[in-house]
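Please open the structure in your viewer and have the selection tool ready. The tour moves from one selection to the next and says what is found at each stop.

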Amino acid sequence: MDRLDNTIRPYAWGSTTAIPRLLGAEPTGEPQAEMWMGAHPGAPSRTDRGTLVEVIDADPERELGPDAVAKFGPRLPFLLKLLAAGAPLSLQVHPDLTQAKEGYADEERRGVPVTAPHRTYKDANHKPELICALTEFDGLCGFRDPQRAAELLAGLGVDSLKPYVDLLHAHPEEAALREVLTAVLTADPDEMARTVTEAAAACDRLGGPYAPYADIAHHYPGDPGVIAAMLLNHVRLQPGEALFLGAGVPHAYLDGLGVEIMANSDNVLRCGLTPKHVDVPELLCIVRFEAGDPGVLRPEAGPDGEEVYETPIDEFRLSRYVLPAGGATHDLTLTAPQILLCTAGSVRVGEHELTPGASVFVPSGEKTEASGTGTLFRATVVV
């Protein structure tokens, strides 16, 4: 079992206080957006045996187990994070596995450098993800019903939005959402900036359901993503609630602290709220234009006190243990790799005393017991 030393990424949208508060550290004044736990080559966790990439590469079957290697290859297939949003992230969507493989191969054939700002596919993997709230957590997830989106836009009283309102009323669901998103992202930039400015002023004035979009517009003035965001469901998670983001589902995180887990990939197609490249034609091939409830997840009780967040993919499985004072010791031994993260209290795992923000990597098959008082998240795979 290896205690992990993890990198904190200082992305501009990160909160300056949420991660330091969890860790019991003094804020530096700089944003602290994500703490990465895993074997992603961009910022692998460090151990006394080297980076987690080096540890796994030295003996994949010992560290991951033969079943996980047979199913996913000789690599840890997930990345676990603490994510602290102090400002909205970009509005984005992820490809499915087939789309990722085809898109990556195409850009490789065309000789587009992986580091190029206009490169869309960084690897050949999909990127399903799950976010579990540790505090109240605001986000956008999936399309609203077109009629509800039309009512929201119409309520702003902005003349230049009327064509979008009419489109949302006039077409079947998929066509309506596709046409409006296409129109928003391909509109004349100067005209769209004026529309967004007028819409933002109306959101400020109206408040209530418009308040999240006023805040988004404050951070991204004139960005067409402000209008695109109004096509999506606004969700406020309570601590312990989660969202699963599958392929093709547009989403953005707005504010709050959570535990995030995802397949080990960098493939992101942006729809707005960003100065980065927006590949509209490819984006429109990836987005699933389906309206529906965002599907808030709550953990399901499993054996021995484990609470599981059920998802339809195998690259990761997230669960938690909420350990009461004076409670029993829990056997966490698995024939699969796992990362254990403490988010509250003090939890003893093997020889390691974990306080909030502390984590360990547990190789497949290693005898593992947890005790103490607090909350422990477990990240593993389905084999």
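What follows is a short walk through selected residues of this model, which is a predicted one.

Begin by selecting residues 3–144, the stretch to which UniProt, in an unreviewed entry, assigns the feature "domain: Phosphomannose isomerase type I catalytic". Over this stretch the chain is 27% helix and 25% strand, and the C-alpha atoms at its two ends lie 43 Å apart.

Turn next to the salt bridges, of which the structure holds 19. Select Arg62 and Glu366, which form one of them, with their closest N and O atoms 3.9 Å apart. This pair links distant parts of the chain, since Arg62 sits in helix α3 (residues 60–64) while Glu366 sits in the loop between β20 (359–362) and β21 (369–380), 304 residues apart. Arg62 counts as partly exposed, at 40% relative accessibility.

Now select Asp314 together with Lys71, a salt bridge in which the closest N and O atoms are 2.8 Å apart. Asp314 lies in the loop between β15 (307–309) and β16 (317–323) and Lys71 in helix α4 (residues 66–72), so this salt bridge ties together parts of the chain that are 243 residues apart in sequence. Asp314 is partly exposed, with a relative accessible area of 30%, and Lys71 also counts as partly exposed, at 40% relative accessibility.

For the next stop, select Arg378 and Glu306, whose side chains meet in a salt bridge at 3.0 Å, N to O. Because Arg378 lies in strand β21 and Glu306 in the loop between β14 (300–301) and β15, the pair ties together parts that are 72 residues apart in sequence. Are these two partners buried or exposed? Arg378 is buried, with a relative accessible area of 3%, and Glu306 is buried as well, with a relative accessible area of 5%. After this pair, select Asp2, Arg49 and Glu63, which are joined into one network by salt bridges that share partners.

Move on to the surface and select Asp145, Glu151, Glu173, Glu174 and Glu290, which gather there in a patch of negative charge. Within this selection, look at Glu174, which is found in helix α8 (residues 173–186) and is partly exposed, with a relative accessible area of 47%.

Finish at Ala211, which has its place in helix α10 (residues 211–219) and counts as partly exposed at 36% relative accessibility. If you add Ala379 to the selection, you can compare two positions 168 residues apart along the chain, whose C-alpha atoms are separated by 35 Å.

Note on methods: Residues are numbered from 1 along each chain as its sequence is written. This is a predicted model: local features need pLDDT of at least 70, side-chain atom pairs count only at pLDDT 80 or more; totals for chains, interfaces and linings use all residues. Side-chain values use heavy atoms; hydrogens and water are left out. Patches are made of residues with over 30% relative accessible area and no salt bridge: like charges are joined within 9 Å, nonpolar side chains (Val, Leu, Ile, Met, Phe, Trp, Tyr) within 5 Å. Accessible areas come from the Shrake-Rupley method with a 1.4 Å probe; for residues, only the protein chains shown count as cover. A salt bridge is a side-chain nitrogen of Lys or Arg within 4 Å of a carboxyl oxygen of Asp or Glu. Lys and Arg count as positive and Asp and Glu as negative; His and the chain ends are not counted. The place of a charge is taken as NZ of Lys, CZ of Arg, CG of Asp or CD of Glu. Helices (H or I, at least four residues) and strands (E, at least two) are DSSP runs, numbered from the N terminus. Buried means under 20% relative accessible area, exposed over 50%, partly exposed in between (1.4 Å probe, protein chains only). UniProt positions are given in the numbering used here, feature names are shortened, and annotations may be inferred rather than shown by experiment.
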